[in-house]
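Subject: Structure for you to look at

Hello,

Here is the structure I said I would pass on. Please open it beside this message and follow along.

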Amino acid sequence: MCMVIFAPIFAICAFATCGGYHGHLQVKVDCADRRQSNLSINIDFNYPFRLQQVHFKATLCETKREEVLFLDGDSSLAAQFFVTVGVFAFLYSLLATVVYVFYQNKYLKNNRGPLVDFIVTVIFSFMWLISSCCWAKALSDIKTATNPTQLLLLISACRAQENTCTATEEPLWSRLNTSVVFGFVNVVLWFGNIWFVFKETGWYKTGQRYPTRTASGKRSSEMRQRLYSESSFDQPEESLGPHYSRQESFNQSKGDIGQHLPRQASLNQPQVSFSLPQTYLGKPVTHDRENRVASQGPMIFVNEM
């Protein structure tokens, strides 16, 4: 989203400030014999900065003739490369904006859109870096070639000490300097956008789905295991007492349960009905010693069913 908003704007600023530049330089020559004085020489140059094709006419103070001179240097390749990258980056940014807004579903389908976007973003990032560096070097060469001090050395009349030559107008470099700044701003913008585009690809999602343990994570887990093992071995022996008492109470409870189970079984036996003869206890019968019958205890009478 960052590229969608700012990339077209900075791309336009980059190639517009470079492509539409026009420079003007004026030199005034005063000859010593005063026959020819206040002679102005106008030198114009512009994009694509083929300076070797820029020529101007300079007067010769000794005679009425004029000489034709040319500037030195050719920076057209770097300038055109910079502008071309800016134009294509602007067009791609507009295309990406349309796709992000109106074709989001097709963009994410089969993961092809994010992959293509990631590859193109990486390519444009390095293209911006290369073109900005080349254009910055070319601009330095242009400033050197159009420097008034260097230019006056090309004029024969100015090399003579009796003549006076001055530069009345110099080129304004603020616009070209701004183009270099915008170029490196685009470098930062596009390289920063690589991360956001990479998060939309399947490579990043696969890494998030199957995360790998880092070295710090392994060290922290080993430290936790070591602390846990040390704490378990360093417990005092007194802490074992409650465990034994609990075990003894548990064994006692098991013995009590074993004692209660037969009683409960004996109490529950009358509830079971069997087809057995019914019995009842009668009163004990006693006899006197005369009858020689001793107490025989309780007697049992059986009634047959």
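Below is what was found in it, starting with the whole chain and then going to single parts.

Please keep in mind that this is a predicted model. The protein chain contains ten helices and seven strands. Of its 305 residues, 29% count as buried. If you take contacts between residues at least 6 apart in sequence, 69% of them join residues at least 24 apart.

**Helix α7**

Helix α7 covers residues 174–198, which is 25 residues. From its first C-alpha to its last it reaches 37 Å, close to the 36 Å expected at 1.5 Å a residue. Many of its residues are listed as buried, including L176, S179, V180, F182, G183, N186 and V187. Further along the helix, L189, W190, N193, I194 and V197 are buried as well. To read such a list, it helps to know that an α-helix has 3.6 residues a turn, so residues three or four places apart point the same way.

F196 also sits in α7. Is F196 buried or partly exposed? F196 is partly exposed, because its relative accessible area is 45%, and the range for that class lies between 20% and 50%. The C-alpha atom of F196 is 9.0 Å from that of F118, although the two residues are 78 apart along the chain.

**How α2, α4 and α7 pack**

Two packed helices are described by the angle between their axes and the distance between the axes. Three pairs are given here in those terms.

The pair α2 and α4: helix α2 is residues 76–102, and helix α4 is residues 112–145. They pack at an angle of about 155°, with their axes 9 Å apart. Angles over 145 degrees count as roughly antiparallel, and α2 and α4 are therefore roughly antiparallel to each other. The crossing of α2 past α4 is left-handed. By class, their contact has 18 nonpolar, three polar and one charged residues. On the α2 side the contact residues include F81, F82, V85, G86 and Y92. On the α4 side they include D117, F124, M127, W128 and W135.

The pair α4 and α7: which way do these two helices run relative to each other? Their axes come within 9 Å and cross at roughly 160°, and α4 and α7 are therefore roughly antiparallel to each other. This crossing is left-handed. The residues of the contact divide into 20 nonpolar, eight polar and two charged.

The pair α2 and α7: the axes come within 12 Å and cross at roughly 45°. That angle makes α2 oblique to α7. Here too α2 passes in a left-handed crossing. F82, A89, Y92 and S93 in α2 meet S179, G183 and W190 in α7. By class, this contact has four nonpolar, three polar and no charged residues.

**The loop between β2 and β3**

The last place to look at is the loop between β2 (39–46) and β3 (55–59), where P48 lies. What kind of peptide bond joins Y47 and P48? The bond is cis, with omega about 10°.

F49 lies in this loop as well. F49 has a positive phi of about 65°, although it is not a glycine. F49 counts as buried because its relative accessible area is 0%.

Regards

Methods
Residues numbered from 1 in each chain as written. Predicted model: local features only at pLDDT ≥ 70, side-chain atom pairs only at ≥ 80, totals over all residues. Heavy atoms only, no water. Helix = DSSP H or I, 4+ residues; strand = E, 2+ residues; numbered from the N terminus. Expected span 1.5 Å × (residues − 1). Buried < 20%, exposed > 50% of the residue type's maximum accessible area, 1.4 Å probe, protein only. Axes fitted to C-alpha atoms, helices over the stretch in contact; angles between N-to-C directions. Parallel < 35°, antiparallel > 145°, perpendicular 65-115°, else oblique. Left-handed = near helix turned anticlockwise from the far one by under 90°. Contact = heavy atoms within 4.5 Å. Nonpolar A, V, L, I, M, F, W, Y, C, P; charged D, E, K, R; others polar.
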